[in-house]
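Q: Hey, could you walk me through this one? I'm new to it.

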Amino acid sequence: MTRPHLYLAAAAMLALAACSGKPSASSGPAATAATPTASTSVASERGDFGPPQGEPIHAVLTSPPHVPPPIHRNYPAKVIVELEVIEKEMPISEGVSYTFWTFGGTVPGSFIRVRQGDTVEFHLKNNPNNKMPHNIDMHGVTGPGGGAASSFTAPGHESQFTFKALNQGIYVYHCATAPVGMHIANGMYGLLLVEPPEGLSPVDHEYYVMQGDFYTTGKYREKGHQPFDMEKAIDERPTYVLFNGKEGSITGDNALTAKTNQNVRLFVGNGGPNLVSSFHVIGEIFDKVQPEGGTVAQHNVQTTLIPSGGAAIVEFHTDVPGSYVLVDHSIFRAFNKGALGILKVDGPENKSVYSGKEVDSVYLGDRAGSNLQAVTTAATAHAAGTLTKEDQIAAGKQLFAGTCSVCHQANGEGLPNVFPPLAKSDLLAADPKRAMTIVTHGLTGKVTVNGHEYDSVMPPMSQLTDDEVSNILTYVLNSWGNPGGQFSKDEVAKARAAATPAPAAAH
Ligand SMILES: [Cu+2]
């Protein structure tokens, strides 16, 4: 953007601040000054604020990652939005379930799209099977509580309120019923897009991605049903940080898609309740960002900050095929709490822009694909008391790929002088049980494996649960010519509880 435009935008904002009523600002010097480009216009000055015309329109609502189609309408209308709150159990990760509270049955809630100047008649229904009262605070509404005060709804009831969409932009909506943090932590948020009267520029794909932080009593990926943990939520220690409410919601078969030479627009929201997102797409540069959902655009951005209760519009052009990884660049959240998604771009190579080789599997581990089905099967079998060695091996294989293969390699051969082999390891064969201590406590100092000395550091794999470790090691012991054997979750728990790692075996 050039300096004169910035100056005009600033002048327009100052002029707007001096006006009393938003709609009345549509004439006068400020409006004239703001007209050069859409990106410098001040929202409510360019609105179309006449009375609603034509027949009332029922808004098309969509589930993430989908966005309702653009509105090609040139007059303000009355738009009816019907949103139902549904409390339901859904997977939050493979083999892990959580009781979500949702707007429209999904996390985030249904995407709502209206035109600036529309009169929105909002109906909030609270499903009769729900246990809690709910309401809605829409950041795109001008009025007390953003609608919250008029929408408190008991189970089996419906509330209605009407508002005029005065400002264009992308706005978060969320439940604001006490305890507010708990309602948001359970998934009660979504996005409302108020299109400018002239619409947004046409693109090839629009997607809806919304981050949220989640708090469960169990550890990350601990199997079974996990209740909400209020203490962790107050301390801001999330167990999961997720895009679209579930680990893997936009990876593997669910990845977002595009072709090369297309324009992609992401509506990226952050429901919180606590964390601020450092939103980044590995391998892309955002050609245009409307930070905080505002009207002034930024260009050539690597990472954009999305506040809790905020949103941004992010646009980029796809030049090179491959898998692009959406992350919260507070990076432990991406690789250890789930905040990771994929945009898969198909098309011919473009060697003048990039030489080739995709994001490799070692970078992403198991997180690129939604292939953790075997892990769920093993967890279910364990709960039913029917866990077999084969279940453990199948689950262990998937988990090994995401955790151990980075160093020991997918075939267990290790890397000469750096990472010892696990395949036919004489050290492992001599004392298989010690592997449980190595994985839970790490290993340092000199070790000799198959006649070669290694003097390095294996950090403790403390992100793994006991049953994950037991499955991984059962897989390792039964692969690549190793002697076989089987470990249980309880054996791993004992090894973990032992305070110090076993001394290195003398060779
Ligand atoms: Cu609620």
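A: Sure, here is a short tour by topic. It's a predicted model, where local features need pLDDT of at least 70, side-chain atom pairs count only at pLDDT 80 or more, and totals for chains, interfaces and linings use all residues. Residues are numbered from 1 along each chain as its sequence is written, and side-chain values use heavy atoms, with hydrogens and water left out.

Q: Cool. Which residues are the protein donors of the copper ion?

A: His134 (ND1), Cys175 (SG), His183 (ND1) and Met188 (SD), lying 2.0 to 2.5 Å from the copper ion. Donors are N, O and S atoms within 2.8 Å of the metal (3.2 Å for Na, K and Ca), and with water not among the atoms, sites may look incomplete.

Q: Why is the arrangement irregular?

A: Because the four donor atoms subtend angles of 87 to 137° around the copper ion. Four donors count as tetrahedral if all angles lie between 85 and 135 degrees; four count as square planar and six as octahedral if opposite donors are over 155 degrees apart and all others between 65 and 115; anything else is irregular.

Q: And Cys175, buried or exposed?

A: Buried, at 0% relative accessibility. Met188 is buried as well, with a relative accessible area of 0%. Buried means under 20% relative accessible area, exposed over 50%, partly exposed in between (1.4 Å probe, protein chains only).

Q: New topic: how many aromatic pairs does the structure hold?

A: There are 15. Rings of Phe, Tyr and Trp (its six-membered ring) pair if their centres lie within 6.5 Å; planes under 30 degrees apart count as stacked, over 60 as edge-to-face and the rest as tilted. One of the pairs is Tyr98 with Phe214: the centres are 6.3 Å apart and the planes at 80°, so it is edge-to-face.

Q: Where do those two sit in the chain?

A: Tyr98 is in strand β3 (residues 96–103) and Phe214 in strand β10 (residues 205–214), 116 residues apart. Strands (E, at least two residues) and helices (H or I, at least four) are DSSP runs, numbered from the N terminus.

Q: What about Phe279 and Phe286?

A: That aromatic pair is stacked, 6.0 Å centre to centre with 10° between the planes. Both Phe279 and Phe286 are buried, and they form one aromatic cluster with Phe243 and Phe316.

Q: Last one: which residues touch the most other members of the largest nonpolar core?

A: Of its 27 residues, those are Ile92, Phe111, Ile170, Leu191, Phe214 and Phe267. A nonpolar core is a set of buried Ala, Val, Leu, Ile, Met, Phe, Trp, Tyr and Cys residues joined through side-chain atoms within 4.5 Å.
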